[in-house]
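The following exercises ask the reader to examine a model by inspection and to check each step against the worked solution.

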Amino acid sequence: FFFQAEDGIRDSSVTGVQRVLFRSLAQDAAPEFDTGDTAWMLTSTALVLLMTVPGVALFYAGMVRKKNVLATMMQSFAITAVVTVVWTVVGYSLAFTKGGSYLGGFGRFLLGGMGLDSAHELAGTIPESVFMMFQMTFAIITAALISGGMADRMKFSALLWFTALWSILVYAPIAHWVWAPSGWLFDKGVLDFAGGTVVHINSGIAALVAAIVLGPRIGYRRENLAPHNVAFTVIGASLLWMGWFGFNAGSSVNADTNAGMAMAVTQIAAAAAALAWMFAEWFAAKKPSVLGIASGAVAGLVAITPASGFVTPSAALLIGFIAGVVCYWAVAWLKPRMGYDDSLDVFGVHGIGGITGAVLTGVFANPAIGGEDYVGLLAGNPGQVVTQLLGVGATLVWSGVVTLLILYGLKATIGLRVEETQEREGLDIALHGESVA
């Protein structure tokens, strides 16, 4: 985005909700609520929530063995509830109220002071309650994605504690860094329209750390751990694809031309990545799999997320093709050689896809979308790539280190992993006393 305020404020690095701040400051008054913008954001919020339940729940449930399908779906459902409560109590306040460069304050603790007519400097023409809910759905899906790296072997109690602690100690600070005007990465000019760093790199590295700390599943690389129902996964991927329009186009926080372009490039990148993954797998493995094309579409959606407010359709096509090939390489080549058991390929798709998208945002950011003073590498500003790498590195380090500390803390207290007999029996029966049979 490029925006010039009435008082002369010019900023080529503002993104999504951030540009609304400058509009508000320039007017020096709380904006009137717009019913069209509010209706779009209510719809976008519902779409993003749909991505977790049932989207991620089905996507992940189809990729585990039959004896763990209910436990996997339970994780997404329970995470939705836990993060909602955490966000209400303190998460939203830490992420989106005024504070320092690294963390917000407690001005909205328990959402205190938020009424029917409450406005927020980042919410523009929509009520603060809608903005808060929209951002809540981002926090929910980020935590839910991590569970894919822990599949088939983590204690349910440990998952609940991990989710609550991680949302406070990792998600809220990084969201503040990148999206709050006082955040240090925002100040550096890191571009992340809808969550390439905050959601995907963040969840991807956390899942990788969790997979390594937990250790591989029993029988990994020795027994058949193939998905039990790829049809579930395709349905889940389809729901993710649909919900992603709320994810990316909703991040405009207005029903405007930026939302329209974000929706267009999201569709284009997803399709390009689906085909790129399919053809790469077809070439390497001699057969194009259903799981592969579904994973490729998700990889494209991940990669376009940080760029969706800044690039042209032709750039989205290239981003999608690149992401499809790179993420296939990460899953088919990198993971086997590194030996980690990231059960449902969270790091390979979301981590690697998020990194790819974040860097390519700095390459393809186009003045035709952002304005004449807003340029990426191909338009003559190589420094934007360096800035994007700063955002990637900061997210990887903070999320990776704090995730590691949380996991070791839980391991030393309540334990992380189920007993071997429970893992062999299956988590559906062992942890929840239920079965799909």
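**Exercise 1: a helix and its ends**

At the start of α9, a side-chain oxygen of Asp256 lies within 3.3 Å of the backbone nitrogen of Asn258. The model is predicted, with local features requiring pLDDT of at least 70, side-chain atom pairs pLDDT 80 or more, and totals for chains, interfaces and linings using all residues. Residues are numbered from 1 along each chain as its sequence is written, and side-chain values use heavy atoms, leaving out hydrogens and water.

Task: compare the span of α9 with its expected value, and characterise the residue just after α9.

Solution.
1. The expected span is 1.5 Å times one less than the number of residues.
2. With 29 residues, α9 reaches 42 Å from its first C-alpha to its last, close to the expected 42 Å.
3. Just after α9, Lys286 has a positive phi of about 75 degrees.

**Exercise 2: the surroundings of Ala71**

Task: determine whether Ala71 is buried or exposed, and which residues Ala71 touches.

Solution.
1. Ala71 belongs to helix α3 (residues 69–96); helices are DSSP runs of H or I with at least four residues, numbered from the N terminus.
2. Ala71 has a relative accessible area of 4% and is therefore buried (under 20% relative accessible area, 1.4 Å probe, protein chains only).
3. Ala71 touches Leu427, Asp428 and His432, residues up to four places away in sequence not being counted; contact means heavy atoms within 4.5 Å.
4. The C-alpha atoms of Ala71 and Ile429 are 8.7 Å apart, although 358 residues separate them along the chain.

Key:
Helix = DSSP H or I, 4+ residues; strand = E, 2+ residues; numbered from the N terminus. Polar contact = N/O pair within 3.5 Å; in protein donor to acceptor, adjacent residues only side chain to side chain. Buried < 20%, exposed > 50% of the residue type's maximum accessible area, 1.4 Å probe, protein only.
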